[in-house]
Structure formats: structure tokens, C-alpha cells
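Reader: I would like a close look at a single part of this model, and then at what lies around that part. Please keep the account connected and work outward step by step.

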Amino acid sequence: MKRCQFHVLQAGLCHHPAGMARRGAGLCPTEFPALAGLIIHPTEGPILFDTGYDPAFFAATRSMPERLYRWATPVQLKEGHAVADQLQRHGLKAEDVRHIVISHFHGDHIAGLHAFPAARLFCSRIGAAQLTSGSRFGRVRRGLLSTLAPAELHERAVYFEDMAATPLDDDMKPFEAGVDLLGDGSLLAVPLPGHCVGHWGLLVRDGDGRKTFLVGDAAWSSAAVRDNVPPPRITTALLGNTRSYRDTLHDLHLLGARNTEILLAPSHCPEIASLADPPA
Ligand SMILES: [Zn+2]
């Protein structure tokens, strides 16, 4: 079993009412960090989990109807905070990144993909298909900005659905199976349905043997997992499937209660953002 180093990176943030992400939390505008993961694999080198925001997000939302996305969730991204810029602090260049694992194709997770034109993209086939399905307005409504995905996505993609399922360790129950992305047990993608079509998380085992489960948007915060409190139905129904979302959140809640050693890391959680390496 190969083990990795793992770093949390924050690439910008957005604002929206707290109650959109947690039932009963009110309308107060709240900051939601956009997090990505930098995984240093002992032989494959740097691997990213998602990319967070990037200047490309602003270009992709310049005109209507995509501009509605920017209005709905106003974004802040400071100079030098895009993931590609932050790699320098780790002595890395964008060209060094050979693999990117994409949890799902919402704009705040893939805006930085353009900076890594040589990377192999591990992602969901049905998730990728959403980028070209339905109307342009319908895609924006579902959080998809198609121009942020590379035109040659299909050629560079390795689809989770095409890989053989492998059983997870007992300490991951109630999650039973995932796919072993590199074939060495270091990175296991796990389906986490509900937030949107083709939503997956990534289980990483670091050098100390500690497991980090990057759960993407299957939960908006660590507190939501601990308390098993989902977003309101209006949010989950708009983006995905409410029943599946709540089942997945409940499974994460059970996992966290049974396995207190694992770090469950939602992509927009302030507690996880506090672990992020400070941008240069
Ligand atoms: Zn999302």
C-alpha cells in the first residue's frame, strides 16, 4: 500500500445565505470557502482533487445566462490564490500535475482545469455527460459552466464507472466499495450520490496511515455531517436528488460516528479550510 502526503488548498470563496446549505440556518450571507486537495504520491507525484475557483470562472460567467451563476453566488478570488499559483509554494509547477480527480463538474470545482492541460482526468462518465446535456440555461441552473471543461475532456478522461469496484476496509462502513484509481490502494474514489449527477468522493491514506475522505459537496460542512442536518429541499432538488443526498449524508454521519480517526473533508467547510496551507 503506497501512502501519500496530503494538503488542503483554498482557492477563493463565495457568499450565499447560510440557509441554502443548512436547513434552518437563516438568510444571513455566509462565506463558503472553495477547497481543493493536493496529494503528493510517492511515485506519481502531485495529484489534485478538484481545483476550486480560478480567474477562468470570471471569464466563463461574463455573459448571460452564465452571469446568473456569478450573481447567485458572488465569488472572491485574490491574486495568486488559484491552485495553479499556489503550487509554487510546494516547489511544483502546473506541468508536474499528472492526474486530477474531479468530484463533480460544478464551476467552483473545475474552474482551474485549464491550467493543467497535460493531466489525466479521473471523473464520472455520467457527470461529464451533463456538460453537454439540456439547454445552456438549464446547465447554468444546475451549476454547470461547460466552457470550464477542456474540449478534449473525453480523450483525457478515465471514467470511474469503467473501473472495477474494489471492497473498502471495514472501517469505511457503511460505504462498501470504491475504485482503486492507481491500482496501489493509495487513492480510492467512492460514489457519493445525490448532490448532482455523477458525484464522487476520494479516500486518501497519508504517510501516517491516517485516512482523509474528501467528500466534495456530499455535505456542506463537517458540522452538517456530525449533526446529520441536510440543506433544505429547495437546494438539493435544484442541483440533484434530495432522497439520495440525504441517504449519502446519513451514511457519512454513521461513518464519522463509528470511525473517529478518519477526517471527513467537505469542499466548502470552514473547519477544513482552517487546515489549508496559507497561500503565498
Ligand atoms: Zn457542487
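Author: A residue is called buried here if 20 or more other C-beta atoms lie within 10 Å of its own, exposed if 12 or fewer do, and partly exposed in between. The model is predicted. The part to look at is helix H11, which covers residues 242–258.

H11 has 17 residues. From its first C-alpha to its last, the helix reaches 24 Å, close to the 24 Å expected at 1.5 Å a residue. Which residues of H11 are buried? They are Tyr245, Thr248, Leu249 and Leu252. Seen down the axis of H11, these buried residues fall within an arc of 100°, so they line one face of the helix. What does that face pack against? The buried residues of H11 pack against strand S12 (211–216), helices H9 and H10, and strand S13 (263–266).

Two of these residues lead further out, and Leu252 is taken before Leu249. Leu252 is touched by Val215, whose other contacts are Leu192, Gly201, Leu264, Ala265 and Pro266, not counting residues up to four places away in sequence. Val215 is also one of the residues with the most contacts inside the largest nonpolar core, together with Ile100, Val101 and Ala189. That core has 75 residues.

Leu249 gives a second route, to the loop between H9 and H10. Val229 sits in this loop. Val229 and Leu249 are 20 residues apart in sequence, and their C-alpha atoms are 8.1 Å apart in space. Is Val229 buried or exposed? Val229 is partly exposed, because 18 other C-beta atoms lie within 10 Å, and burial takes 20 or more. Leaving aside neighbours within four places in sequence, Val229 is in contact with Arg22, Arg23 and Ala224.

Asn228 belongs to the loop between helix H9 (222–227) and helix H10 (233–239) as well. The phi of Asn228 is near 55°, a positive value in a residue other than glycine. With 16 C-beta neighbours inside 10 Å, Asn228 counts as partly exposed.

A second residue with positive phi sits elsewhere. Asp50 is in the loop between strand S3 (45–49) and helix H2, and its phi is near 60°, again in a residue other than glycine. Asp50 is buried, with 28 other C-beta atoms within 10 Å, whereas Asn228 is partly exposed.

Asp50 brings the account to S3 and its sheet. 4 of the 5 residues of S3 are buried, so this strand is largely enclosed by the rest of the structure. The sheet itself is open and holds 7 strands in the order S4-S1-S2-S3-S5-S6-S7, with mixed pairing. Strand S4 (75–76) and strand S7 (157–159) stand at its edges, each with a single partner strand, so one side of each is left without a neighbour in the sheet.

S3 stands between S2 and S5 in that order. On one side, strand S2 (residues 29–41) and S3 run antiparallel and are joined by 5 bridges. A hairpin of 3 residues connects S2 to S3. On the other side, S3 and strand S5 (residues 99–101) pair in the parallel sense over 3 bridges. Individual pairs can be followed across: Leu38 stands opposite Leu48 in S3, and Leu48 in turn stands opposite Ile100 in S5. Phe49 has Val101 in S5 as its bridge partner. This returns to the core, where Ile100 and Val101 are among the residues with the most contacts.

Two backbone details remain, both at prolines. The peptide bond from Met64 to Pro65 is cis, with omega near 0°. Pro65 lies in the loop between helix H2 (55–60) and helix H3 (67–72). A cis bond also runs from Lys173 to Pro174, with omega near 15°. Pro174 belongs to the loop between strand S8 (165–167) and strand S9 (177–180).

Definitions and conventions. Residues numbered from 1 in each chain as written. Predicted model: local features only at pLDDT ≥ 70, side-chain atom pairs only at ≥ 80, totals over all residues. Helix = DSSP H or I, 4+ residues; strand = E, 2+ residues; numbered from the N terminus. Core = buried A, V, L, I, M, F, W, Y, C linked by C-beta atoms within 7 Å. Contact = placed C-beta atoms within 7 Å. Expected span 1.5 Å × (residues − 1). Arc of directions from axis to C-beta. Pairing = 2+ DSSP bridges.
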